[in-house]
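User: Could you take me on a close look at one buried spot in this protein and then work outwards from there? I'd like to know what it touches and how the parts around it and beyond it pack.

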Amino acid sequence: MSLTDSSPAQIAKAASVASRSLAILPSTDRDNALNAIHQSLEQAKTTILSANAKDLHLASKAAADGQLSQSVLKRLDLSRPGKWEDMLQGILDVRDLEDPPGSRKSTVPLRHGGFSWAPYRTVGKTTLKTLLDQGLTLERLTCPIGVLLIIFEARPEVIANIAALAIKSGNAAILKGGKESSASFHAISSAISSALTATTVPNASIQLVTTRDVIASLLECDDHIDLVIPRGSNELVRYVKANTRIPVLGHADGLCNIYIHPDAEPESCVRILLDSKLGYPAACNSVETLLIHEAALTTHLPAIASALVQQGCSLRCDSTSKTSLESSLPADKAALLQEAVEEDYDTEFLSPILAVKTVIPPAYAPDDIALALAIAHINAHSSHHTDAILTSSPSVAKHFQASVDSACVFWNTSTRMADGMRFGFGTEVGISTNKIHARGPVGLEGLCIYKYAVSGNGQVAGDYGGESGRKWKHERVRID
């Protein structure tokens with residue numbers, strides 16, 4: 001890793017060159033680099049947390065002056081319980097993942113002479129193999145994307161996450177962080193840079209840009225940068241999408257919904273709502289809207305509302321749910337209920353606020369109408385990040401999961417489960433609501449694409465076709 005103040009064009013070109021070398025490194029070399037990074041960060045813990053405390057002090061003053069949101073302030077804090085440990089463990093988890101590029105460690109003789117080019121290019125896992133003709137084989141192989149540009153705000157752990165995933169997947173990465181956490185970024189980057197000097201990973205393969213006001217210029221480097229991943233506010237994500245020709249992977253909002261069906265287990269609903277809303281309100285996978293079936297207003301909602309209010313959560317209720325709760329909650333808690341406005345169901349609060357809406361099926365309507373109404377609301381108002389249903393019916397749950405158009409669709413679990421580490425990806429570069437390439441938490445697999453390799457023995461296209469030409473076999477070959 002290098003801290004650089006070079007021009008955007010120089011940074012992008014250096015990353016592109018480095019990506020070619022990184023892509024052909026043996027998997028053992030890349031794993032050794034991750035071991036070195038983990039050890040260096042552990043040794044620099046005191047220095048890094050001290051730098052983070054300085055960032056937090058300045059950010060707290062900015063938040064007090066109204067110049068910085070509380071959600072950004074919370075994301076900045078590396079001393080939150082478990083955050084430092086999760087960051088370090090994520091590096092080891094990524095190291096232990098199966099290597100997508102699958103670099104071989106020795107040359108392989110080919111039956112028609114010569115040697116395979118396995119050691120000289122990134123040779124990925126074969127995901128498709130077809131015998132086109134005798135002696136002519138097609139393979140689809142995974143490979144790195146190339147150069148990633150990651151733009152992030154107040155997330156110091158992103159440097160370690162991205163460095164680990166980029167090195168493991170064979171991608172070069174350019175990182176541009178926000179001013180709120182500049183001291184943390186420099187401390188973490190220095191530790192990683194020191195670790196990589198003793199490895200075979202090219203120095204320019206991971207670059208932290210220190211120059212100010214370079215984002216616009218970097219977004220113009222589409223000749224060298226292959227993918228942009230913005231991590232931060234929806235304003236940042238929208239700005240990036242509007243100002244580059246480079247493909248963008250990410251999401252602008254984390255507007256997550258939970259729907260409670262009447263047959264849901266009441267105690268489980270309370271636990272799931274408390275975790276989804278209050279486990280980490282500033283997270284993009286925190287629930288923002290609770291949809292509840294009319295029949296569950298008296299059986300489920302009072303306990304949920306009481307538990308949430310008890311822990312400082314504000315409830316913005318539609319008239320039906322508010323009236324129901326006012327008759328079932330103690331007066332002191334009922335007095336804290338607020339009237340919802342329509343905009344609340346399109347708002348990512350990122351704080352202890354939850355919008356509540358009742359799903360009211362028409363009289364004498366079939367049982368599945370309420371489910372259809374809940375699904376329709378979610379598809380219209382969700383940001384397609386993560387949405388969940390709480391129900392004891394497998395058929396209802398499966399219909400919900402098939403019908404809701406979101407990257408993550410859960411049944412009887414917290415929306416906070418939408419996370420690369422919890423999915424077993426080691427860590428993630430972010431969560432994508434895109435509908436191409438990668439969707440949901442993006443880990444190692446999401447940072448790889450594929451190429452087609454055809455191996456022949458002198459065949460040409462003109463050999464095939466016509467009555468006298470050779471015939472294609474097109475036989476699918478089993479992949480071991």
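Analyst: Let's start at Ala-172, which touches Ala-15, Ser-19, Leu-22, Gly-146, Val-147, Leu-148 and Ser-205, once residues up to four places away in sequence are set aside. Bear in mind that this is a predicted model. Ala-172 sits in strand β5, which covers residues 172-176. Its relative accessible area is 0%, which means Ala-172 counts as buried. Not everything in the chain comes close, though: Thr-127 is 45 residues away along the chain, and its C-alpha atom is 23 Å from that of Ala-172.

Now for some helix packing. Helix α6 runs over residues 157-169, and it packs with helix α5, residues 83-95, at an angle of about 5 degrees, the two axes being 9 Å apart. That angle is under 35 degrees, and therefore α5 and α6 are roughly parallel to each other. From α5, the contact takes Lys-83, Met-87, Ile-91, Val-94 and Arg-95, while α6 brings Glu-157, Ala-160, Asn-161, Ala-164, Leu-165 and Lys-168. Sort those residues by class and you get six nonpolar, one polar and four charged. When you look at lists like these, remember that an α-helix has 3.6 residues a turn, so residues three or four places apart point the same way.

What about the nonpolar interior? The largest nonpolar core has 48 residues, and Ile-37, Leu-41 and Ile-48 are the ones that touch the most other members. The helix α6 turns up again here, giving this core its largest share, nine residues. Leu-41 is a good one to click on: beyond its neighbours within four places in sequence, it contacts Ile-48, Trp-84, Leu-88, Ile-91, Ala-160, Ile-188, Ala-191 and Ile-192. Two of those, Ile-91 and Ala-160, also appear in the contact between α5 and α6.

Apart from that core lies another, of 36 residues, with Ile-260, Ala-264, Cys-269 and Leu-308 among them. Leu-308 leads us to helix α11, where the buried residues are Leu-301, Pro-302, Ile-304, Ala-305, Ala-307, Leu-308 and Val-309. That is seven of the ten residues in α11 (residues 301-310), so the helix is largely enclosed by the rest of the structure. After α11 comes Gly-312, which has a positive phi, near 90 degrees.

From there, have a look at Ile-353, in strand β12 (residues 353-359). Its contacts, leaving out neighbours within four places in sequence, are Lys-277, Glu-288, Cys-313, Ser-314 and Arg-316. Its relative accessibility is 17%, and because the cut-off for buried is under 20%, Ile-353 counts as buried. Val-287 is 66 residues from Ile-353 in sequence, yet their C-alpha atoms are 9.4 Å apart in space.

One last helix pair: α14 (residues 368-381) and α15 (residues 394-403) pack at about 25 degrees, with axes 10 Å apart. That makes α14 roughly parallel to α15. The crossing of α14 past α15 is right-handed. On the α14 side the contact uses Leu-371, Ile-375, Ile-378 and Asn-379, and on the α15 side Val-396, His-399, Phe-400 and Ser-403. By class, this contact has five nonpolar and three polar residues, and no charged ones, whereas the contact of α5 with α6 has four charged.

Key: Residues are numbered from 1 along each chain as its sequence is written. This is a predicted model: local features need pLDDT of at least 70, side-chain atom pairs count only at pLDDT 80 or more; totals for chains, interfaces and linings use all residues. Side-chain values use heavy atoms; hydrogens and water are left out. Axes are lines fitted to C-alpha atoms, for helices over the stretch in contact, and angles run from 0 to 180 degrees between N-to-C directions. Helices (H or I, at least four residues) and strands (E, at least two) are DSSP runs, numbered from the N terminus. Angles under 35 degrees count as roughly parallel, over 145 as roughly antiparallel, 65 to 115 as roughly perpendicular and the rest as oblique. Contact means heavy atoms within 4.5 Å. Ala, Val, Leu, Ile, Met, Phe, Trp, Tyr, Cys and Pro count as nonpolar, Asp, Glu, Lys and Arg as charged, and the others, Gly among them, as polar. A crossing is left-handed if the near helix is turned anticlockwise from the far one by less than a right angle, and right-handed if clockwise. Buried means under 20% relative accessible area, exposed over 50%, partly exposed in between (1.4 Å probe, protein chains only). A nonpolar core is a set of buried Ala, Val, Leu, Ile, Met, Phe, Trp, Tyr and Cys residues joined through side-chain atoms within 4.5 Å.
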